[in-house]
Amino acid sequence: MSETKTAVDAGQSLLPTYARYPLALVKGEGSWLWDDQGNRYLDFMSGIAVTNLGHAPKRVKEALVKQLDELWHVSNLFRIPNQEEAAKLITDNSCGDAVFFGNSGAEANEAAIKLARRYQQLVQKNGRYEIITFEQSFHGRTLATLTATGQAKVKEGFGPLPEGFKTIPFNDLAALEAAISDTTAAIMLEMVQAEGGIYPVDKDYIKAAKALCEKHGILLIVDEIQTGIGRTGKLFAYEHFGIEPDIFTLAKGLGSGFPVGAMVAKEKLREGFTAGSHGSTFGGTPIATAVVKATLEEIVGDGLPARADGQGEYLMAQLREKLQGNGFVRDVRGLGLLVGIECAEPIAPILVEAQQKGLLVISAGPNVIRLLPNLLVTTEEIDSAVAILTELLETKRPN
């Protein structure tokens, strides 16, 4: 290898698919991260709603280390006890009856789309295939899931896109009724549009949508990739809205940072996924499902969704009090510990300024600051984050 090539920054060996901040984070504990220069940061990103138990949670680490000493991989041609036990934890604590494990949220959503179509076409024998999704939604980066996503920016340059998706305005019942046809297989949506700006679904709307599904034989798919695993103050966000989906999807917080996803379905849908119809080499390995078990046991056993509900209410109350009268701030909204601060102008510079003051936050669209602390965040940590944000946003107040 030439001296010139070895001298190139190692980062240049990566494709430039991420607009990265110039921070190298090397250690985490609880709500805190440290960079390679020894600087400490209060983490209100949680790896984008992934580290719901904070960084390096002890019980999950112990389960992972134990499994690493026993067995890593055997393939899904054999029974995997951890996988069966993790699936039972999900079904025992949800409206679902059967689980398929994959490696990511995008894979979970792909599985949901495939199951909906296959159930309609091979079980119901009605030929339906179309999936209705919503503007400003986000469902993943595969060709099918980016087509399902209601944001044009993720689709640029990837055409031709797969057929069979229709995107309509969010919370608009007339638009939904008009979109339903004899080819509609499923409606797919998030209970809170996290990437799209922290917009919850309207309760009356989702109940009406569920009634339409039942009337027309349409499946309801709820994307819980970001909202699931206690994030919104319930174990699953659909629990806030008085409905049960036919299918829901999980990832992010499911594995405390270990890559894993899951698609969860009602009993009637078992017939749609028969042996050989879908699969994943790495889905539900002994390692991954050991982590899922430990994560769910702690979150469910310690009542952390209820804790997230209370801490989320406190966080939003503090933000509303401290930011009251600040004309730069248009709204504070959210559910549990999924919170957004909508601002009058793009907030990208504020994210950098927050980093410089030791706080990590993320955007949800160009004008919304998204806050995603872990479910064990303390009141003192919330107060520290609110103080930093109040100080930064005070400088943006119109004269």
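This section describes the strands, helix packing and one pocket of a predicted model.

Strands of a sheet pair through backbone hydrogen bonds, in either the parallel or the antiparallel sense. Towards the N terminus of the predicted model, strand β1 (residues 25–29) is paired with strand β2 (residues 32–35) in antiparallel fashion, through four bridges. Within this pairing, Gly28 has Leu33 of β2 as its bridge partner. Two residues separate the strands of the β1 and β2 hairpin, where Gly30 adopts a positive phi near 60°. Strand β2 is also joined by three bridges to strand β3 (residues 40–43), and the two run antiparallel. Here Trp34 lies opposite Arg40 of β3. The hairpin formed by β2 and β3 has four residues between its strands, and Gly38 in the turn shows a positive phi of about 90°.

An open sheet of seven strands follows the order β4-β12-β11-β10-β7-β5-β6, with mixed pairing. Its edges are formed by β4 and β6 (165–168), each of which pairs on one side only. On average, and with direction ignored, neighbouring strands of this sheet are turned by 20° against each other. Strand β11 (residues 247–250) is linked to β12 by four bridges in the antiparallel sense, and the bridge partner of Thr249 in β12 is Met263. Helix α4 packs on this sheet and touches β4, β11 and β12. The direction of α4 makes about 125° with that of β4.

Two packed helices are described by the angle between their axes and the distance between the axes. For α4 and helix α9 (residues 286–301), the packing angle is about 30° and the axes are 8 Å apart. The crossing of α4 past α9 is left-handed. On the α4 side, the contact is made by Asn82, Gln83, Glu85, Ala86, Leu89 and Ile90. The contributing residues of α9 are Pro286, Thr289, Ala290, Val292, Lys293, Leu296 and Glu297. By class, the residues of this contact between α4 and α9 comprise seven nonpolar, three polar and three charged.

Helix α4 and strands β4 and β12 also take part in lining the second largest pocket. Rolling a probe the size of a water molecule over the atoms shows where empty space is left. The second largest pocket holds about 690 Å³ of space. Its lining consists of 28 residues, and Gln83, Val99, Phe100, Phe273 and His278 are those that lie nearest the centre of the pocket. At least two lining residues are supplied by each of α4 (81–92), β4 (98–102) and β12 (261–265). The greatest contribution to the lining comes from β4, with four residues. The lining of the second largest pocket divides into 14 nonpolar, ten polar and four charged residues. Gln83 thus appears in two settings: among the α4 residues in contact with α9, and among the residues nearest the pocket centre.

A further open sheet contains four strands in the order β13-β14-β17-β16, with antiparallel pairing. The edge strands, β13 (329–335) and β16 (362–363), each pair on one side only. Strand β14 (residues 338–343) and strand β17 (residues 368–371) run antiparallel and are joined by four bridges. Gly340 has Arg370 in β17 as its bridge partner. Helix α12 (residues 379–394) lies across β13, β14 and β17, and runs at about 10° to β14.

Note on methods: Residues numbered from 1 in each chain as written. Predicted model: local features only at pLDDT ≥ 70, side-chain atom pairs only at ≥ 80, totals over all residues. Heavy atoms only, no water. Pairing = 2+ DSSP bridges. Contact = heavy atoms within 4.5 Å. Axes fitted to C-alpha atoms, helices over the stretch in contact; angles between N-to-C directions. 1 Å grid on protein atoms, 1.4 Å probe; cavity = no way out; pocket = protein on both sides within 12 Å on 5 of 7 lines; lining within 4 Å. Points joined across faces, edges and corners; volume = space filled by probe spheres on them. Nonpolar A, V, L, I, M, F, W, Y, C, P; charged D, E, K, R; others polar. Left-handed = near helix turned anticlockwise from the far one by under 90°.
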